[in-house]
Amino acid sequence: MIVFSLFIALILERLRITPDIWKLTAIAERWDRWLSEKDDVSSWREHDLFGPLLVLAPAILLALLMWINSSVLAAVLVNIVVLTLVLGCRPQRAALRAYFLAAKRGDDEEMQEHMQAIRYPADTELRVGQQLVWLNFRYYAAVSLWFIILGAPGALAYGLLRERAEVFPKLLAWVEWLPLRIAAFGYLLVGHFTRGLAAWLDILPKGIHEPEQQLNSVAVAAEDIDVEEDDEVVEAEILVALARRNMILVLVAVAILTLFGWVV
(Lines give C-alpha, C1' and ligand atoms only; values in the text may rest on other atoms or scores of the structure.)
Protein backbone atom coordinates (compact mmCIF):
# COMPACT_ATOMS: atom_id res chain seq x y z
CA MET A 1 0.00 0.00 0.00
CA ILE A 2 2.83 2.40 0.87
CA VAL A 3 4.91 1.75 -2.25
CA PHE A 4 1.79 1.88 -4.47
CA SER A 5 0.62 5.19 -2.95
CA LEU A 6 4.08 6.73 -3.21
CA PHE A 7 4.57 5.54 -6.78
CA ILE A 8 1.21 6.92 -7.95
CA ALA A 9 1.74 10.22 -6.16
CA LEU A 10 5.19 10.68 -7.72
CA ILE A 11 3.79 9.95 -11.18
CA LEU A 12 0.97 12.45 -10.69
CA GLU A 13 3.44 15.07 -9.50
CA ARG A 14 5.88 14.33 -12.31
CA LEU A 15 3.19 14.58 -15.00
CA ARG A 16 1.77 17.74 -13.37
CA ILE A 17 -1.75 16.31 -13.44
CA THR A 18 -2.85 18.04 -10.25
CA PRO A 19 -3.74 21.76 -10.54
CA ASP A 20 -1.16 24.37 -9.56
CA ILE A 21 -3.27 25.47 -6.59
CA TRP A 22 -3.18 21.92 -5.16
CA LYS A 23 -0.17 22.53 -2.95
CA LEU A 24 0.28 22.70 0.79
CA THR A 25 1.58 26.27 0.90
CA ALA A 26 -1.80 27.92 0.33
CA ILE A 27 -3.58 25.55 2.73
CA ALA A 28 -0.96 26.07 5.45
CA GLU A 29 -1.28 29.84 5.05
CA ARG A 30 -5.06 29.68 5.42
CA TRP A 31 -4.72 27.47 8.50
CA ASP A 32 -2.21 29.88 10.05
CA ARG A 33 -4.46 32.84 9.22
CA TRP A 34 -7.43 31.12 10.82
CA LEU A 35 -5.42 30.46 14.00
CA SER A 36 -4.28 34.08 14.17
CA GLU A 37 -7.89 35.31 13.91
CA LYS A 38 -9.03 33.22 16.87
CA ASP A 39 -8.38 35.26 20.01
CA ASP A 40 -8.62 32.26 22.32
CA VAL A 41 -5.83 30.34 20.56
CA SER A 42 -3.75 33.03 18.87
CA SER A 43 -1.70 33.63 22.03
CA TRP A 44 -0.74 29.94 22.10
CA ARG A 45 0.97 30.18 18.72
CA GLU A 46 4.15 31.53 20.34
CA HIS A 47 4.24 28.82 23.00
CA ASP A 48 7.16 26.37 22.71
CA LEU A 49 4.86 23.34 23.01
CA PHE A 50 1.38 24.44 21.95
CA GLY A 51 2.66 26.47 18.99
CA PRO A 52 3.94 23.41 17.06
CA LEU A 53 0.92 21.36 18.17
CA LEU A 54 -1.44 23.94 16.68
CA VAL A 55 0.49 23.86 13.41
CA LEU A 56 0.38 20.05 13.41
CA ALA A 57 -3.29 19.81 14.43
CA PRO A 58 -4.49 18.82 10.91
CA ALA A 59 -1.97 15.96 10.82
CA ILE A 60 -2.99 14.82 14.31
CA LEU A 61 -6.65 14.85 13.29
CA LEU A 62 -5.80 12.90 10.13
CA ALA A 63 -3.96 10.29 12.22
CA LEU A 64 -7.04 9.82 14.43
CA LEU A 65 -9.34 9.47 11.42
CA MET A 66 -7.06 6.94 9.74
CA TRP A 67 -6.79 4.98 12.99
CA ILE A 68 -10.60 4.75 13.13
CA ASN A 69 -10.88 3.94 9.42
CA SER A 70 -10.90 0.26 8.43
CA SER A 71 -11.10 0.65 4.64
CA VAL A 72 -7.90 -0.11 2.75
CA LEU A 73 -9.16 1.70 -0.35
CA ALA A 74 -9.94 4.84 1.64
CA ALA A 75 -6.49 4.72 3.22
CA VAL A 76 -4.82 4.46 -0.20
CA LEU A 77 -6.83 7.39 -1.54
CA VAL A 78 -5.97 9.49 1.50
CA ASN A 79 -2.29 8.58 1.09
CA ILE A 80 -2.28 9.70 -2.54
CA VAL A 81 -4.20 12.91 -1.82
CA VAL A 82 -1.85 13.89 1.01
CA LEU A 83 1.29 13.00 -0.93
CA THR A 84 0.25 15.00 -4.00
CA LEU A 85 -0.39 17.90 -1.65
CA VAL A 86 3.00 17.75 0.09
CA LEU A 87 5.33 16.41 -2.62
CA GLY A 88 6.97 18.59 -5.23
CA CYS A 89 8.07 22.18 -5.88
CA ARG A 90 6.56 22.94 -9.28
CA PRO A 91 7.73 26.58 -9.65
CA GLN A 92 11.35 25.60 -9.02
CA ARG A 93 11.06 22.65 -11.40
CA ALA A 94 9.82 24.96 -14.16
CA ALA A 95 12.61 27.42 -13.41
CA LEU A 96 15.19 24.61 -13.50
CA ARG A 97 14.00 23.46 -16.92
CA ALA A 98 14.19 27.03 -18.22
CA TYR A 99 17.64 27.44 -16.61
CA PHE A 100 19.06 24.44 -18.48
CA LEU A 101 17.52 25.63 -21.75
CA ALA A 102 19.03 29.08 -21.25
CA ALA A 103 22.40 27.46 -20.52
CA LYS A 104 22.27 25.59 -23.84
CA ARG A 105 21.57 28.87 -25.64
CA GLY A 106 24.35 30.62 -23.72
CA ASP A 107 21.91 33.25 -22.41
CA ASP A 108 23.63 34.32 -19.18
CA GLU A 109 21.05 36.99 -18.34
CA GLU A 110 18.15 34.56 -18.49
CA MET A 111 20.15 32.00 -16.53
CA GLN A 112 20.59 34.51 -13.71
CA GLU A 113 16.87 35.24 -13.74
CA HIS A 114 15.96 31.57 -13.39
CA MET A 115 18.66 31.05 -10.76
CA GLN A 116 16.82 33.53 -8.55
CA ALA A 117 13.59 31.56 -8.99
CA ILE A 118 15.37 28.32 -8.06
CA ARG A 119 17.08 29.80 -5.00
CA TYR A 120 15.99 28.05 -1.79
CA PRO A 121 16.18 29.30 0.87
CA ALA A 122 16.07 32.83 -0.51
CA ASP A 123 19.19 33.97 1.36
CA THR A 124 21.28 30.88 0.70
CA GLU A 125 24.82 31.00 -0.61
CA LEU A 126 24.67 27.45 -1.99
CA ARG A 127 25.56 26.87 -5.62
CA VAL A 128 22.72 26.05 -8.01
CA GLY A 129 23.27 22.30 -7.91
CA GLN A 130 23.49 22.31 -4.13
CA GLN A 131 20.24 24.27 -3.85
CA LEU A 132 18.60 21.62 -6.04
CA VAL A 133 19.87 18.86 -3.73
CA TRP A 134 18.31 20.66 -0.75
CA LEU A 135 15.05 21.25 -2.63
CA ASN A 136 14.91 17.59 -3.61
CA PHE A 137 15.44 16.57 -0.01
CA ARG A 138 12.79 18.84 1.47
CA TYR A 139 10.13 18.33 -1.18
CA TYR A 140 10.69 14.69 -2.14
CA ALA A 141 13.07 12.60 -0.02
CA ALA A 142 12.08 13.82 3.46
CA VAL A 143 8.37 13.67 2.60
CA SER A 144 8.76 10.12 1.27
CA LEU A 145 10.75 8.94 4.29
CA TRP A 146 8.29 10.34 6.82
CA PHE A 147 5.46 8.81 4.80
CA ILE A 148 7.19 5.43 4.97
CA ILE A 149 7.77 5.80 8.72
CA LEU A 150 4.45 7.34 9.86
CA GLY A 151 2.16 7.16 6.85
CA ALA A 152 0.10 10.05 5.49
CA PRO A 153 -0.09 11.86 8.87
CA GLY A 154 3.70 11.84 9.08
CA ALA A 155 4.07 13.27 5.58
CA LEU A 156 1.46 15.94 6.30
CA ALA A 157 3.06 16.83 9.64
CA TYR A 158 6.46 17.25 8.00
CA GLY A 159 4.95 19.35 5.22
CA LEU A 160 3.21 21.66 7.70
CA LEU A 161 6.47 22.17 9.61
CA ARG A 162 8.33 22.74 6.35
CA GLU A 163 5.88 25.51 5.43
CA ARG A 164 6.66 27.17 8.78
CA ALA A 165 10.41 26.66 8.62
CA GLU A 166 11.09 30.28 9.55
CA VAL A 167 8.93 29.96 12.70
CA PHE A 168 10.21 26.60 13.97
CA PRO A 169 13.68 26.22 12.42
CA LYS A 170 15.20 24.15 15.24
CA LEU A 171 12.22 21.81 15.50
CA LEU A 172 12.23 21.26 11.74
CA ALA A 173 15.99 20.65 11.79
CA TRP A 174 15.57 17.94 14.44
CA VAL A 175 12.70 16.40 12.48
CA GLU A 176 14.98 16.30 9.43
CA TRP A 177 17.99 14.91 11.31
CA LEU A 178 17.26 11.21 10.65
CA PRO A 179 15.83 11.54 7.09
CA LEU A 180 18.82 13.69 6.13
CA ARG A 181 21.25 10.95 7.09
CA ILE A 182 19.18 8.28 5.38
CA ALA A 183 19.00 10.36 2.20
CA ALA A 184 22.72 11.11 2.38
CA PHE A 185 23.49 7.39 2.70
CA GLY A 186 21.39 6.84 -0.41
CA TYR A 187 23.76 9.16 -2.27
CA LEU A 188 26.58 6.78 -1.41
CA LEU A 189 24.66 3.83 -2.87
CA VAL A 190 23.76 5.58 -6.13
CA GLY A 191 26.98 7.60 -6.42
CA HIS A 192 30.64 7.14 -5.54
CA PHE A 193 30.45 5.12 -2.32
CA THR A 194 34.11 5.26 -1.32
CA ARG A 195 34.49 9.01 -1.73
CA GLY A 196 31.15 9.77 -0.13
CA LEU A 197 31.55 7.48 2.88
CA ALA A 198 34.04 9.71 4.64
CA ALA A 199 31.74 12.72 4.24
CA TRP A 200 28.74 10.70 5.51
CA LEU A 201 30.63 9.48 8.58
CA ASP A 202 31.64 13.08 9.23
CA ILE A 203 28.04 14.35 9.37
CA LEU A 204 26.65 11.31 11.21
CA PRO A 205 27.34 12.54 14.77
CA LYS A 206 26.67 16.20 14.03
CA GLY A 207 23.66 18.07 15.34
CA ILE A 208 21.27 20.36 13.51
CA HIS A 209 23.65 23.16 12.55
CA GLU A 210 23.55 23.98 8.79
CA PRO A 211 21.75 20.81 7.65
CA GLU A 212 21.81 21.88 4.00
CA GLN A 213 25.60 22.09 4.14
CA GLN A 214 25.78 18.66 5.79
CA LEU A 215 23.65 17.06 3.07
CA ASN A 216 25.51 18.74 0.25
CA SER A 217 28.91 17.77 1.62
CA VAL A 218 27.91 14.13 1.05
CA ALA A 219 26.18 14.78 -2.28
CA VAL A 220 29.18 16.60 -3.75
CA ALA A 221 31.57 13.91 -2.47
CA ALA A 222 29.39 11.19 -4.01
CA GLU A 223 29.45 12.72 -7.49
CA ASP A 224 30.60 10.22 -10.11
CA ILE A 225 32.27 12.89 -12.26
CA ASP A 226 34.65 15.65 -11.20
CA VAL A 227 33.59 19.11 -12.40
CA GLU A 228 35.40 22.42 -12.62
CA GLU A 229 34.78 24.81 -9.74
CA ASP A 230 33.13 27.47 -11.93
CA ASP A 231 30.96 25.14 -14.03
CA GLU A 232 27.67 25.39 -12.16
CA VAL A 233 25.56 24.04 -15.02
CA VAL A 234 27.38 20.70 -15.26
CA GLU A 235 27.45 20.37 -11.48
CA ALA A 236 23.70 21.05 -11.34
CA GLU A 237 23.00 18.40 -13.99
CA ILE A 238 25.08 15.81 -12.13
CA LEU A 239 23.53 16.59 -8.73
CA VAL A 240 19.99 16.52 -10.13
CA ALA A 241 20.71 13.11 -11.67
CA LEU A 242 22.12 11.95 -8.33
CA ALA A 243 19.00 13.09 -6.46
CA ARG A 244 16.71 11.41 -8.98
CA ARG A 245 18.58 8.12 -8.68
CA ASN A 246 18.25 8.42 -4.93
CA MET A 247 14.45 8.70 -5.20
CA ILE A 248 14.39 5.62 -7.43
CA LEU A 249 16.44 3.84 -4.77
CA VAL A 250 13.84 4.80 -2.15
CA LEU A 251 11.05 3.28 -4.25
CA VAL A 252 13.05 0.09 -4.90
CA ALA A 253 13.93 -0.26 -1.21
CA VAL A 254 10.30 0.16 -0.15
CA ALA A 255 9.18 -2.35 -2.77
CA ILE A 256 11.68 -4.91 -1.44
CA LEU A 257 10.60 -4.27 2.16
CA THR A 258 6.99 -4.72 1.06
CA LEU A 259 7.79 -8.08 -0.56
CA PHE A 260 9.34 -9.28 2.70
CA GLY A 261 6.34 -8.03 4.65
CA TRP A 262 8.31 -5.45 6.65
CA VAL A 263 6.31 -2.57 5.15
CA VAL A 264 2.59 -2.75 4.47
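A crossing of two helices is called right-handed if the near helix is turned clockwise from the far one by less than a right angle, and left-handed if the turn is anticlockwise. In this predicted model, the crossing of α1 and α9 is right-handed.

**Helix packing**

The axes of helices α1 and α9 come within 11 Å and cross at roughly 155°. That angle makes α1 roughly antiparallel to α9, because angles over 145 degrees are counted in that class. A second pair, helix α7 (residues 90-105) and helix α8 (residues 108-118), packs at an angle of about 160°, and the axes of these two helices lie 8 Å apart. Helices α7 and α8 are therefore also roughly antiparallel to each other, but the crossing of α7 and α8 is left-handed.

Helix α1 also holds A9, a residue that counts as buried because its relative accessibility is 0%, where the cut-off for burial is under 20%. Although A9 and G88 are 79 residues apart in sequence, their C-alpha atoms are 9.9 Å apart in space.

**Salt bridges**

When a side-chain nitrogen of Lys or Arg is required to lie within 4 Å of a carboxyl oxygen of Asp or Glu, the count comes to 7 salt bridges. Three of these pairs are set out below, each with the distance between its closest N and O atoms or its N to O distance.

| Salt bridge | N to O distance |
|---|---|
| R93 with E13 | 3.1 Å |
| E110 with R105 | 2.6 Å |
| E176 with R138 | 2.8 Å |

Which parts of the chain does the salt bridge between R93 and E13, with its closest N and O atoms 3.1 Å apart, bring together? R93 lies in helix α7 and E13 in helix α1 (residues 2-14), so the pair ties together parts that are 80 residues apart in sequence. R93 is buried, and E13 is buried as well.

The side chains of E176 and R138 meet in a salt bridge at 2.8 Å, N to O, and this pair likewise links distant parts of the chain, with E176 in helix α10 (residues 169-190) and R138 in helix α9 (residues 128-163), 38 residues apart. Both E176 and R138 are buried.

Are the partners E110 and R105 buried or exposed? E110 has a relative accessibility of 23% and so counts as partly exposed, whereas R105, at 52%, counts as exposed. The closest N and O atoms of E110 and R105 are 2.6 Å apart.

**Loop residues with a positive phi**

Most residues other than glycine have a negative phi. Against that background, two loop residues deserve a careful look in the model.

R16 is not a glycine, yet has a positive phi of about 55°. The place of R16 is in the loop between α1 and α2 (24-37), and R16 is partly exposed, because its relative accessible area of 45% falls between the 20% and 50% cut-offs.

E210, also not a glycine, has a positive phi of about 50°, and lies in the loop between α11 (193-203) and α12 (211-221). With a relative accessibility of 42%, E210 counts as partly exposed. In sequence E210 is 37 residues from A173, while in space the two residues are 8.8 Å apart, C-alpha to C-alpha.

**A pair set further apart**

A63 lies in helix α5 (residues 57-68) and is partly exposed, with a relative accessible area of 32%. The C-alpha atoms of A63 and R162 are separated by 18 Å, and these two residues are 99 residues apart along the chain.

**A nonpolar surface patch**

Which residues make the nonpolar surface patch of about 740 Å²? The patch is made by I248, V252, I256, L259, F260 and W262. One of these residues, I248, lies in helix α13 (residues 232-259). I248 is exposed, because its relative accessible area is 53%, and a value over 50% places a residue in that class. The same value also meets the accessibility cut-off for a patch, because patch residues need over 30% relative accessible area.

Key. Residues numbered from 1 in each chain as written. Predicted model: local features only at pLDDT ≥ 70, side-chain atom pairs only at ≥ 80, totals over all residues. Heavy atoms only, no water. Patch = residues over 30% accessible without salt bridge, like charges linked within 9 Å, V, L, I, M, F, W, Y side chains within 5 Å. Areas by Shrake-Rupley, 256 points an atom, 1.4 Å probe, with all protein chains shown as cover. Helix = DSSP H or I, 4+ residues; strand = E, 2+ residues; numbered from the N terminus. Buried < 20%, exposed > 50% of the residue type's maximum accessible area, 1.4 Å probe, protein only. Axes fitted to C-alpha atoms, helices over the stretch in contact; angles between N-to-C directions. Parallel < 35°, antiparallel > 145°, perpendicular 65-115°, else oblique.
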